[in-house]
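Trainee: I am new to this structure. Can we go through the terms and check each one against its definition?

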Amino acid sequence: AFPRLGACVWLPFRQAKGVGGAREVATSIRGAVTMAKINMIPVRRGYAFKDMRAPHTVPCKLTGKVGSVSVRLIPAPRGTGIVAAPVVKKVLQYAGVEDVYTSVVGSSRTLGNLCKATASALAKSYCFLTPDLAAPTAVPRAPRCSALRFPCQGPKVKD
């Protein structure tokens, strides 16, 4: 029986992660790259403290958990840099994040889980709708306002 070798790949030009396994190193890396091309992660960047120049940090506090590793990404002011462990720092640099604070809880020695937890936290940046991306909605008039003499002024008065 041959041992199976695993590979975890992060493609910086696509913000994608992939995991592959095979009996040979080259085959496992090829499988991981193929999986990464399939599983692309959109990363939304935002502003910190109403600094409305180019987006430079994560839009809000994000948390990702894989295995025993939990990674928390916290927005930071411009010029702070990436305050993180080396693996998390590389993933965030590839994702285009310039300023962020991080917190890692759990066994961070498992680098594969640490990388996956960071990618999971980044993927959650698109799970909610921020006010700047919400489409404007037209509020219809209330039915009772259409029956009034002057809209929302009170009922009609008989003379």
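Trainee: How do you know that Cys127 is in no bond with Cys60?

Mentor: Look at the sulfur atoms. This is a predicted model, so the distances are computed from it. The closest cysteine sulfur to that of Cys127 is in Cys60, 9.9 Å away. A disulfide needs the two sulfur atoms within 2.5 Å. Therefore 9.9 Å is too far for a bond.

Trainee: Why is Cys127 called exposed?

Mentor: Exposed means over 50% relative accessible area. Cys127 has 62%, so Cys127 is exposed.

Trainee: How many disulfides does this rule give?

Mentor: The count comes to zero. Take Cys8, which is in no disulfide. The nearest cysteine sulfur is that of Cys115, 4.2 Å away. The limit is 2.5 Å, so this pair does not count.

Trainee: What makes Cys8 partly exposed?

Mentor: Its relative accessibility is 38%. Buried is under 20% and exposed is over 50%. The value 38% lies in between, so Cys8 counts as partly exposed.

Trainee: Step back, please. What is the secondary structure of the protein?

Mentor: Four helices and six strands. From the N terminus on, the order is β-β-α-β-β-β-α-β-α-α. Of the 159 residues, 30% are buried.

Trainee: What makes β1 and β2 a pair?

Mentor: Strands pair if there are at least two bridges between them. Strand β1 (residues 5-11) and β2 have seven bridges, so they pair. The sense is antiparallel. In this pair, Leu11 stands opposite Ala16 in β2.

Trainee: How do the side chains along β2 point?

Mentor: They alternate along residues 16-22. Ala16, Gly18, Gly20 and Ala22 point to one face and are buried. Lys17, Val19 and Gly21 point to the other face and are not buried. In a regular strand, side chains alternate between the two faces of the sheet.

Trainee: Which strands form the open sheet?

Mentor: Four strands, in the order β3-β4-β6-β5. The pairing is mixed.

Trainee: Why are β3 and β5 called edge strands?

Mentor: Each of them pairs on one side only. β3 covers residues 62-66.

Trainee: What joins β4 to β6?

Mentor: Six bridges, with the strands running antiparallel. β4 spans residues 69-75, and β6 spans residues 100-105. Val71 in this pairing stands opposite Val104 in β6.

Trainee: How do you know that β5 pairs with β6?

Mentor: Count the bridges. Two join β5 (residues 82-83) to β6. At least two are needed, so they pair. These strands run parallel. In β6, Val100 is the bridge partner of Ile82, and Tyr101 is opposite Val83.

Trainee: What makes up the left-handed β-α-β unit?

Mentor: β5, then helix α2 (residues 86-95), then β6.

Trainee: Where is Gly96, and why is Gly96 called partly exposed?

Mentor: Gly96 sits in the loop between α2 and β6. Its relative accessibility is 25%. That is not under 20% and not over 50%, so Gly96 counts as partly exposed. Gly96 and Val58 are 38 residues apart in sequence, yet 9.9 Å apart in space, C-alpha to C-alpha.

Trainee: Why is Arg44 called buried?

Mentor: Buried means under 20%. Arg44 has a relative accessible area of 10%, so Arg44 is buried. Arg44 is in the loop between α1 and β3. Its C-alpha atom is 9.2 Å from that of Val97, 53 residues away along the chain.

Trainee: What makes Thr118 buried?

Mentor: Thr118 has a relative accessible area of 0%. The cut-off is under 20%, so Thr118 is buried. Thr118 lies in helix α3 (residues 111-123). Thr118 and Leu73 are 45 residues apart along the chain, and their C-alpha atoms are separated by 8.3 Å.

Trainee: Which residues form the nonpolar patch on the surface?

Mentor: Leu5, Val25 and Ile29, with about 230 Å² of accessible area together.

Trainee: Why can Ile29 belong to a patch?

Mentor: Patch residues need over 30% relative accessible area. Ile29 has 40%, so Ile29 passes that cut-off. By the burial rule, 40% counts as partly exposed. Ile29 is found in helix α1 (residues 25-38).

How values were computed:
Residues are numbered from 1 along each chain as its sequence is written. This is a predicted model: local features need pLDDT of at least 70, side-chain atom pairs count only at pLDDT 80 or more; totals for chains, interfaces and linings use all residues. Side-chain values use heavy atoms; hydrogens and water are left out. Patches are made of residues with over 30% relative accessible area and no salt bridge: like charges are joined within 9 Å, nonpolar side chains (Val, Leu, Ile, Met, Phe, Trp, Tyr) within 5 Å. Accessible areas come from the Shrake-Rupley method with a 1.4 Å probe; for residues, only the protein chains shown count as cover. A salt bridge is a side-chain nitrogen of Lys or Arg within 4 Å of a carboxyl oxygen of Asp or Glu. Buried means under 20% relative accessible area, exposed over 50%, partly exposed in between (1.4 Å probe, protein chains only). A crossover is right-handed if, with the strands pointing away from the viewer, the path from the first strand over the helix to the second runs clockwise.
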